[in-house]
Amino acid sequence: MVIVDPEAAPIAPATSPSAHDGLSRRAIYLHGSLAIPLAIYGYPLAIWLPPYYGASLGSLALVGTLLMLARFTDVFTDPLMGEISDRGRTRFGRRKPYMVLGAPCLMVSSWFLFVPPDGAGVLYLLCWLTAFFASATMIQIPFRAWGAELSADYHVRSRVTAVREFFVLGGLLLAAAVPMVVEILADGGAVAEVFSAMWRDMIGAFSGEIMNRVPSDRSALVRPVLFWLAITIIVAVPLLTLLVVTTVKEPPPAARERVPVIEGFRHMWRNGPMRRVLMIAFLVVAGESLRNAVSLFFIRDIVGIPTIGAAYFLYFVAGISAIPFWLWMGRKVGKHRAFLGTLGFVSFVSAANLFLGYGDYFAFFCLFLMKGFAFGGLQFLPLAMLADVVDVDSARSGGRRAGAYFAVIGLSEKLAAAIFTGIALNIAGLLGYQAMGAAASADQGVLALRLVYCLGPIALYSLAVPLIWSYPLTPERHARLRAGLERRAKRLAAAKKAESQA
């Protein structure tokens with residue numbers, strides 16, 4: 001499967017980050033911090049945007065279709081951005097210039113998408129969705145590729161990815177706090193009481209006190225939630241982009257940096273672990289997207305949770321606290337086995353949600369926390385696996401093309417999100433579910449929403465299980481692969497030195 005024979009090459013000795021490549025913890029954490037704003041925009045896009053435009057346009061199915069159409073532009077923009085950032089060579093680095101250019105584009109498109117004028121129609125939503133996705137690609141593809149290149153060590157890469165996903169969850173936690181604060185203020189709380197009210201809501205979710213709440217109309221809060229999320233993005237994106245590009249160095253270029261496009265795609269297609277990770281990521285993101293598309297409706301209308309912001313705040317707190325566990329599990333049993341355990345755990349939680357009814361607050365919050373605990377594993381383990389897969393390509397092509405690989409995996413994830421968000425909203429909408437709530441919806445629409453939320457992810461996860469079960473790139477094989485790459489790098493450096501002295 002790889003040009004460097006993993007069975008013949010000796011196993012490389014374990015090394016610490018500093019001994020292996022000089023990568024400091026400071027650099028890892030600074031680099032990962034940019035994930036905060038990149039996570040913030042994903043939350044409203046998945047949870048809050050469909051209800052808002054579904055109500056204003058009068059059709060959830062239409063919103064789902066527009067999301068799919070806009071996402072399909074990533075078929076062109078993601079591979080293009082990956083190739084450009086892989087081949088680019090400037091005095092500022094390969095990845096940094098495109099991230100700097102993408103920041104203002106993301107700020108502008110976020111504002112117009114999340115804070116539309118009255119009467120915004122189908123064309124408005126489609127155009128700004130497309131601009132938003134293209135802007136996000138300009139930052140996200142170079143950023144992910146850069147992270148894969150920070151270290152060559154199997155376990156250090158896990159740490160780099162885990163730190164980045166820790167910041168992803170931090171960004172999601174911040175994003176969840178915004179609607180939580182909006183809800184508290186709408187219910188008559190004062191600004192000075194926000195933190196005490198947040199604590200009261202979180203405790204009330206488990207004590208049962210939350211059942212006595214008489215909240216304001218939650219459907220009326222979608223627009224102010226989107227407004228304040230847009231403000232949060234506009235502030236965070238430039239600040240953290242500037243911090244990262246000015247404080248973290250890009251690694252030096254490889255001996256053979258540029259690989260011809262056709263040759264590069266031929267190596268990628270022949271990369272067996274890459275094809276497998278691609279399919280795994282597609283199926284898992286598809287399952288999560290089915291759930292996320294109808295999540296707000298399930299929480300608000302099926303279970304009747306009055307504090308949606310508090311629910312997601314607790315969810316992401318659980319996700320952040322679980323990252324050390326999944327990082328330890330990946331080191332202990334291998335990333336792919338830890339990921340398999342994650343899917344099994346999430347499937348159990350999803351199935352249990354099927355038995356919830358209106359008012360089952362305590363049971364819902366327990367299950368939601370359990371799902372949040374697994375969220376960290378779902379986020380970072382596949383990306384850590386992909387960073388290792390790039391080494392297979394390096395062994396064959398002699399180049400370093402993380403940008404192309406993360407562009408392809410990003411495209412796979414985005415297409416999965418687009419297609420299955422559209423499918424979920426179309427199933428619920430066409431069968432009679434209305435964005436205004438269950439009371440205005442047909443019974444079969446409510447049942448369809450419940451089944452999509454609870455059983456849809458399980459069906460897709462089950463297709464990924466055999467691919468993960470027999471995943472070939474174990475820690476031992478990766479160590480052999482890295483040993484072969486390091487020997488080749490030394491030979492090339494020695495040959496270059498001899499040539500310069502001749």
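**Helices and cores of a predicted chain**

Q: How many helices and how many strands does the secondary structure of the chain come to?
A: The model is a predicted one. Its secondary structure contains no strands. The count of helices is 20.

Q: What percentage of the residues of the chain count as buried?
A: A residue is called buried when its relative accessible area is under 20%. The chain has 502 residues. Of these, the buried share is 59%.

Q: Which helix gives the largest share of the largest nonpolar core?
A: The largest nonpolar core has 127 residues. Those with the most contacts inside this core are Tyr-43, Trp-48, Tyr-312, Phe-316 and Phe-364. The largest share of the core is 16 residues, and they come from residues 154-186, which form helix H9.

Q: Which residues does Phe-316 touch, not counting residues up to four places away in sequence?
A: Touching here is a contact, with heavy atoms within 4.5 Å. With residues up to four places away in sequence left out, the partners of Phe-316 are Tyr-43, Leu-169, Leu-172, Leu-173, Ala-176 and Phe-375.
Tyr-43 is also among the residues with the most contacts inside the largest nonpolar core, as is Phe-316.
The partners of Phe-316 thus include Leu-169, Leu-172, Leu-173 and Ala-176, besides Tyr-43 and Phe-375.

Q: What span is expected for helix H18 at 1.5 Å a residue?
A: H18 covers residues 443-454, and its buried residues include Gly-445, Leu-449 and Cys-454. The helix has 12 residues, and the expected span is 1.5 Å times one less than that number. From first C-alpha to last, H18 reaches 17 Å, close to the expected 16 Å.

How values were computed: Residues numbered from 1 in each chain as written. Predicted model: local features only at pLDDT ≥ 70, side-chain atom pairs only at ≥ 80, totals over all residues. Heavy atoms only, no water. Helix = DSSP H or I, 4+ residues; strand = E, 2+ residues; numbered from the N terminus. Buried < 20%, exposed > 50% of the residue type's maximum accessible area, 1.4 Å probe, protein only. Core = buried A, V, L, I, M, F, W, Y, C linked by side-chain atoms within 4.5 Å.
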